[in-house]
Amino acid sequence: MVTANKNEQIYSFFCYLIVGLAALVALVPLLYVFSMSLTGEREWIDRGGFIFIPFHPTFRAYEIIFTAGSAFVRSLFISIERTILGTAIQLSLTVITGYIMSRIRLPGRKFIIIMVLVTILFGSGLIPTYLVIRSLGIMNTIWALIIPGAVHSWSALVFKQFFEGIPASLEESAEMDGATEFTKMVKILLPMSAPSLAAIGLFTAVGHWNAWFDVMLYINDGKLYTMQYIIRNMFVSSNLSNDLILNYGLMDVDYRVPLNTLRMAVAIFGTVPILLVYPFLQKYFIRGVYLGAVKE
C-alpha cells in the first residue's frame with residue numbers, strides 16, 4: 001500500500017509538472033504581448049526593445065486605438081456580428097444534418113453519410129469556392145464569410161454519433177405522446193447534447209473570430225473588415241501603424257509609443273473578447289471533450 005501510494009504521488013507530481021509547464025508556455029507569450037502593449041518609446045529604447053515587465057507602464061497605445069482608430073472599433077463590431085451569426089447558423093444547420101444522419105429508418109441515409117464524408121476527404125478548392133461566392137452575388141457582404149462554412153461535416157458526424165447513443169426508449173415515449181421529429185430534436189435531444197453544443201460552438205466561434213483569409217478574398221469594402229484582418233495588415237505592413245503614431249502620438253519621445261507597442265495593443269484588443277467567452281462555457285466544454293472518450 002505504501003509503495004502504491006508513493007507511485008501515485010510520483011505520478012501526480014509529474015502530471016502537475018507537465019500541466020504546469022504547458023500552462024507556462026501558454027501564459028508567457030500572452031504576458032509578453034500584454035507587457036509590450038504598455039511600454040512607452042523611452043523605456044523601449046532604454047531597455048533594448050525586449051520588455052517582459054514594464055517599469056513605467058502607459059496606456060497610450062490603447063488611447064490611440066480608441067480615440068483615433070475608428071476602423072478598429074468598427075472592425076470589432078463586424079467581428080462580433082460575424083461570430084454570432086456564423087456560430088448560430090453553423091450550429092443550427094450542423095445539428096440538423098447530424099440529426100438527419102442519425103435517423104436509421106431514413107430513406108437514402110447511407111448516401112447522405114457518404115456525401116458528408118466526401119466533403120471531409122476532398123475540399124472544393126480555392127478558385128471554385130471563389131467563383132461560387134461571386135456567382136451567388138454575395139461578394140463584399142458578411143454572408144460571404146458565413147455561407148461557405150454554414151455546415152461543418154466533421155461536427156455533423158459528432159452529433160450523429162451522439163444522437164445515436166441516446167436511448168431509443170426516450171424517443172419512443174415521445175412519439176407515443178404525439179411528438180414530431182422537430183419536437184423530439186428540440187425538446188429531447190438538444191437539451192441532452194448541451195456539452196457537445198458548447199464544445200463545438202466554442203470551436204466554431206473561435207474559428208470565426210480568428211479568420212482573416214476569407215476576408216482578404218471576398219471583401220473589398222474597408223467598412224466590412226474584421227478585427228483579425230486589420231491586425232494581420234498591421235503586422236504585415238507598418239503604414240497603418242505609423243500613420244496612427246505620427247498623427248496621434250506626440251513628438252515628445254517620453255509620450256510616444258513604438259510601433260511594436262501599438263501592434264501588441266491591437267493584438268490584445270482583438271484577443272480579449274473571445275477569451276471572455278470561455279469561462280462561461282468551460283464546464284460544458286470539458287464535458288463535451290470527454291463525450292465518447294470513456295465507455296462504461
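## Burial and overall make-up

Of the 296 residues in the protein chain, 37% count as buried. Keep in mind as you look around that this is a predicted model. The chain has 14 helices and zero strands, so reading the elements from the N terminus on gives α-α-α-α-α-α-α-α-α-α-α-α-α-α.

How do the contacts spread along the sequence? Among those between residues at least 6 apart in sequence, 73% join residues at least 24 apart.

## Two nonpolar cores

The largest nonpolar core has 25 residues, and Ile65, Phe72, Met227, Leu262, Val266 and Phe269 are the ones that touch the most other members. The elements giving two or more residues to this core are α1 (2-36), α3 (60-68), α4 (70-102), α10, α12 (227-236) and α14 (259-290). Its largest share, eight residues, comes from α14.

Another core lies apart from this one. It is made of twelve residues, including Val95, Phe159, Phe162 and Met185.

## Helix α10 up close

Helix α10 covers residues 194-210 and is a good place to try a quick check by ruler. At 1.5 Å a residue, its 17 residues should span 24 Å, and the end C-alpha atoms are indeed 24 Å apart, so the expected span and the model agree.

Which residues of α10 are buried? They are Pro195, Ser196, Ala198, Ala199, Ile200, Gly201, Leu202, Thr204, Ala205, His208 and Trp209. When you trace them on the model, a general point may help: an α-helix has 3.6 residues a turn, so residues three or four places apart point the same way.

## Where α9 meets α10

Two packed helices are described by the angle between their axes and the distance between the axes. For helix α9 (residues 181-192) and α10, the angle is about 70 degrees and the axes are 4 Å apart. Angles of 65 to 115 degrees count as roughly perpendicular, which is why α9 is described as roughly perpendicular to α10.

On the α9 side, the contact involves Leu190, Pro191 and Met192, which meet Ala194, Pro195 and Leu197 of α10. By type, the residues of this contact divide into six nonpolar, no polar and no charged. Pro195 in this contact is also among the buried residues of α10.

## A look at Thr129

Thr129 is found in helix α6, which covers residues 126-135. Is Thr129 buried or exposed? Its relative accessible area is 19%, and buried means under 20%, so Thr129 counts as buried.

What does Thr129 touch? Not counting residues up to four places away in sequence, Thr129 touches Ser124 and Tyr218.

How values were computed:
Residues are numbered from 1 along each chain as its sequence is written. This is a predicted model: local features need pLDDT of at least 70, side-chain atom pairs count only at pLDDT 80 or more; totals for chains, interfaces and linings use all residues. Side-chain values use heavy atoms; hydrogens and water are left out. The expected span of a helix is 1.5 Å times one less than its number of residues. Buried means under 20% relative accessible area, exposed over 50%, partly exposed in between (1.4 Å probe, protein chains only). Contact means heavy atoms within 4.5 Å. A nonpolar core is a set of buried Ala, Val, Leu, Ile, Met, Phe, Trp, Tyr and Cys residues joined through side-chain atoms within 4.5 Å. Axes are lines fitted to C-alpha atoms, for helices over the stretch in contact, and angles run from 0 to 180 degrees between N-to-C directions. Angles under 35 degrees count as roughly parallel, over 145 as roughly antiparallel, 65 to 115 as roughly perpendicular and the rest as oblique. Ala, Val, Leu, Ile, Met, Phe, Trp, Tyr, Cys and Pro count as nonpolar, Asp, Glu, Lys and Arg as charged, and the others, Gly among them, as polar.
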